[in-house]
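Visitor: I would like a close look at a single part of this model, followed outward to whatever it touches. Please take me through it step by step.

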Amino acid sequence: MTLTEHVDVVVVGGGAGGIAAAVGAARSGARVRLIEQYPFLGGAATNSSVLAFCGFFDQTHETVVAGVGGEVLDRLRARGVYAEKVMGWTGNRIVLLDAEATKIVCDEIVADAGVETRLHTTLVGATRHDGAITGIEVAHKGGTDRITADTFIDASGDGALLALSGSAARTVDLPDRQTNTLACRFGGVAEDADLSTDGMRAAVAAYVAETGTDMPRDHGIAVRLPVTGDVMALLVDEHFDTLDSAQISAAEASARAQTWHYLDAMRKGMAGWQQAYLVTTGPQIGIRESRRLVGKTMITTDDVLHARKRPTESIGRCGWPIEDHAGPGVTRYEEIEGGRWYDVPYDAIRCSDTDNVWGVGRLTSSDDQAFASVRVMGTAFATGHAAGIAAAQSSSGRPHDLPAIRRTLLEQGAIV
Ligand SMILES: Cc1cc2nc3c(=O)[nH]c(=O)nc-3n(C[C@H](O)[C@H](O)[C@H](O)COP(=O)(O)OP(=O)(O)OC[C@H]3O[C@@H](n4cnc5c(N)ncnc54)[C@H](O)[C@@H]3O)c2cc1C
């Protein structure tokens, strides 16, 4: 069955970037179709158990992202599930999430804006003509549909739309890509249990000595989540090509096997973990990096480190430092000057060779180290929101009117 439909704006991917893009475009008057391959929205937060929003605040704790992203936080507050934490070693202020509350808040915010959401629907093809995307093909349980639109937003994280349409994208060389991590949630961890890195190091060392198991990381991040009291752990690293189906299949299985070893190690070696059990892995391994947009401009390492301000070009702020997961077990932080923020310019979400597509979230055009800062979900909400407004305005005949985009962002509560 092939159905052809026309809408104003297509958004591919229902993570932080895609949700903000779809809501921003719908609130600007566009008919918006949001395509998501999984049965729920939320992106890495809900499909990879990355249950912490980073990037809403800079390191002085000033709020740098509002708008649609801020409204997601308000909706979590209204449900009584809002929780924050200041991370001890970096001073970063993060928002901790409950997976199910996050899913329902995402459902509601897009529905209230009038977005036409299609879950269980995967982008499988795209056509491009004369420097513009003309349509996409999606597959779902009932068959395939062709959707044409005036404007398109790639919020797929992996640059699926950019790649399928032949629009300017860069596949980051594997050795330079950040490592991937299978996040998981543990239940049954006592309230006063040890969550310290020193505790993990000792438990993993004892386990390796006893069993001879190969464990790439000797410690990771473990934080207590709201509502369930589960502990989210980022411990299991796998470095491989996420765009290769054989490699990703092997890595998912290997990461799950690793997770059981870490659980065993912590049960045996850490105070308060004796009754711990595995609530869930992923479901999918967390992918940090694959493709990126080649934009009209690129955010550079210097822009990040020197907190570069671009008062007339800005469509959002990023206050998250460089956090580079350079290899299994290796994380390198570098601070933005003064612990503050830099501006994300409009041209970093515009495609260099295709005028009617934007790349947002972790596709934002950036060099490798700047990427390690701009990729977080708070900033993904900001870039998505801006692209949504820009795409809606372009579809109504006002292409790339940056002052108008910035004005509408402010009217919709964003910080630019
Ligand atoms: C292990 C790990 C830990 C991290 N820790 C944090 C953290 O603590 N805090 C933080 O803020 N950030 C963190 N990040 C970074 C952050 O999660 C991502 O960079 C961010 O989610 C990017 O948002 P996005 O909207 O661009 O993409 P995503 O959240 O990846 O969303 C993309 C969406 O597109 C969908 N999609 C992809 N391809 C298709 C297709 N062909 N058809 C239909 N749908 C498709 C996906 O299913 C997904 O829902 C972490 C990342 C990883 C991997």
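Guide: A suitable place to begin is Trp-358, which in this predicted model lies in strand β20, the run of residues 357-359. Trp-358 has 32 other C-beta atoms within 10 Å, and because 20 or more are needed for a residue to count as buried, Trp-358 is classed as buried. Leaving aside residues up to four places away in sequence, Trp-358 touches Ile-153, Ile-349, Arg-350, Cys-351, Ala-387, Ala-390 and Ala-391. One of these partners, Ile-153, is 205 residues away from Trp-358 along the chain, and yet the two C-alpha atoms are 4.9 Å apart in space.

Ala-390, among the residues that Trp-358 touches, leads on to helix α10, residues 377-395, where Ala-390 also takes part in the contact with helix α11. The axes of α10 and of α11, the latter covering residues 402-411, come within 9 Å and cross at roughly 125°. That angle lies over 115 degrees but not over 145, so α10 and α11 count as oblique to each other. The crossing in which α10 passes α11 is right-handed. On the α10 side the meeting residues are His-385, Ala-386, Ile-389, Ala-390 and Gln-393, and on the α11 side they are Ala-404, Ile-405, Thr-408 and Leu-409. Sorted by class, this contact of α10 with α11 has 6 nonpolar residues, 3 polar ones and no charged ones.

Helix α10 also packs with helix α3, residues 67-78, at an angle of about 130° and with the axes 7 Å apart; the two helices are therefore oblique to each other. Here Gly-67, Val-68 and Gly-69 of α3 meet Gly-378, Phe-381, Ala-382 and His-385 of α10. By class, the contact of α3 with α10 has 3 nonpolar residues, 4 polar ones and no charged ones. His-385 thus appears in the contact with α3 as well as in the contact with α11.

From α10 the path continues to the ligand, since α10, together with α1 (16-27), α2, β3, β7 (122-129) and β11 (180-187), supplies at least two residues of the surrounding shell. That shell has 40 residues, and the closest to the ligand are Gly-13, Gly-15, Gly-43, Gly-286 and Gly-361. By class, the shell is made up of 18 nonpolar, 17 polar and 5 charged residues.

Two of the elements that contribute to the shell, α2 and β3, are joined by a loop with a backbone feature of its own. Ser-49 is found in this loop, between α2 (44-47) and β3 (52-53), and has a phi near 55°, a positive value in a residue other than glycine. Most residues other than glycine have a negative phi, and most peptide bonds are trans. Ser-49 counts as buried because 27 C-beta neighbours lie inside 10 Å.

Val-227, in the loop between β12 (221-224) and β13 (231-238), likewise has a positive phi, near 70°. With 15 C-beta neighbours inside 10 Å, however, Val-227 counts as partly exposed. A further backbone feature is the cis peptide bond from Gly-282 to Pro-283, with omega near 15°, and Pro-283 is found in the loop between β14 (277-281) and β15 (291-293).

Notes
Residues are numbered from 1 along each chain as its sequence is written. This is a predicted model: local features need pLDDT of at least 70, side-chain atom pairs count only at pLDDT 80 or more; totals for chains, interfaces and linings use all residues. Axes are lines fitted to C-alpha atoms, for helices over the stretch in contact, and angles run from 0 to 180 degrees between N-to-C directions. Helices (H or I, at least four residues) and strands (E, at least two) are DSSP runs, numbered from the N terminus. Angles under 35 degrees count as roughly parallel, over 145 as roughly antiparallel, 65 to 115 as roughly perpendicular and the rest as oblique. A crossing is left-handed if the near helix is turned anticlockwise from the far one by less than a right angle, and right-handed if clockwise. Two residues are in contact if their C-beta atoms, placed from the backbone, lie within 7 Å. Ala, Val, Leu, Ile, Met, Phe, Trp, Tyr, Cys and Pro count as nonpolar, Asp, Glu, Lys and Arg as charged, and the others, Gly among them, as polar. A residue is buried if 20 or more other C-beta atoms lie within 10 Å of its own, exposed if 12 or fewer, and partly exposed in between; C-beta atoms are placed from the backbone. A residue is near a molecule or strand if its C-beta atom, placed from the backbone, lies within 6 Å of it.
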